[in-house]
Amino acid sequence: MLAEKVAVLAYLELSEDIDARETVVAAGSLASAVLGAVFWVSRIGFPNPAWPVLQVVGLAMFAIATPLWLMHAARVQRIGLGQWWTSHPALMLFCLGVMALVG
């Protein structure tokens, strides 16, 4: 019975914490898109392919948003509630490792 109460409390704390992270992810994604657009516009007049800029913006959005998506998926599936490996820093390190492996 005590373990269930602890799991419910951890779930509620995570729920409140995720709301603030959603705002940060939205703002970070918007900032990366705007900075990519500003960079691309500032290169008008030079050889200016859009693909490298889109790749960098996509990587930034992956690094910003994927840990939140994984936290949501773990919360919905009730996987590892309160465990260290479902924390935002651990998932961010996982995403950075995936990006380093992919190249």
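Q: Hi! For contacts with a separation of 6 or more, what share comes from residues 24 or more positions apart?
A: Hello! In this predicted model, residues 24 or more positions apart account for 66% of the contacts in the protein with a separation of 6 or more.

Q: And which elements does the chain have, in what order?
A: There are three helices and zero strands. Read from the N terminus, the elements run α-α-α.

Q: How much of the protein counts as buried?
A: Of its 103 residues, 21% count as buried.

Q: What about the accessible surface?
A: The accessible surface of the protein comes to about 7,300 Å². Carbon and sulfur atoms own 74% of that area.

Q: Which residues make a nonpolar patch on the surface?
A: L30, V34 and V38 make one of about 280 Å². V38 lies in helix α1, which covers residues 2-42.
Q: Neat. Why would residues three or four places apart point the same way?
A: An α-helix has 3.6 residues a turn, so residues at that spacing point the same way.

Q: Staying with α1, is S32 buried or exposed?
A: S32, also found in helix α1, counts as buried because its relative accessibility is 12%, under the 20% cut-off.
Q: What does S32 touch?
A: Leaving aside residues up to four places away in sequence, S32 touches V57, A60 and M61.

Q: And A37, where is that?
A: A37 is in helix α1 as well. With 40% relative accessibility, A37 counts as partly exposed.
Q: How far is A37 from V53?
A: Their C-alpha atoms are 8.2 Å apart in space, and the two residues are 16 apart in sequence.

Q: Let's move to α2. Where does Q55 sit, then?
A: Q55 is found in helix α2, residues 51-77. Q55 is partly exposed, its relative accessible area being 41%.
Q: How far apart are Q55 and G36?
A: From C-alpha to C-alpha, Q55 and G36 are 9.8 Å apart, with their positions 19 residues apart in sequence terms.

Q: What about T66, buried or exposed?
A: T66, which has its place in helix α2, counts as buried at 8% relative accessibility.
Q: Which residues does T66 touch?
A: T66 touches M61 and C95, again not counting residues up to four places away in sequence. M61 also touches S32 of α1, and C95 is one of the buried residues of α3.

Q: Good link to α3. What span should that helix have?
A: Helix α3 covers residues 88-102, and at 1.5 Å a residue its 15 residues should span 21 Å. The end C-alpha atoms are 21 Å apart, so the model agrees with the expected span.
Q: I'd have multiplied 15 by 1.5. Why 21?
A: The expected span is 1.5 Å times one less than the number of residues, so the last residue adds no further step.

Q: Which residues of α3 are buried?
A: H88, A90, L91 and C95. They cover an arc of only 165° around the axis, which puts them on the same side of α3.
Q: And which exposed residues are on the face turned away from the buried side?
A: That face of α3 carries the exposed residues P89, L93, A100 and L101.

Q: Last one: what follows α3?
A: G103 follows α3, and its phi is positive, near 110°.

Note on methods. Residues are numbered from 1 along each chain as its sequence is written. This is a predicted model: local features need pLDDT of at least 70, side-chain atom pairs count only at pLDDT 80 or more; totals for chains, interfaces and linings use all residues. Side-chain values use heavy atoms; hydrogens and water are left out. Patches are made of residues with over 30% relative accessible area and no salt bridge: like charges are joined within 9 Å, nonpolar side chains (Val, Leu, Ile, Met, Phe, Trp, Tyr) within 5 Å. Accessible areas come from the Shrake-Rupley method with a 1.4 Å probe; for residues, only the protein chains shown count as cover. A salt bridge is a side-chain nitrogen of Lys or Arg within 4 Å of a carboxyl oxygen of Asp or Glu. Helices (H or I, at least four residues) and strands (E, at least two) are DSSP runs, numbered from the N terminus. Buried means under 20% relative accessible area, exposed over 50%, partly exposed in between (1.4 Å probe, protein chains only). Contact means heavy atoms within 4.5 Å. The arc is that of the directions from the helix axis to the C-beta atoms.
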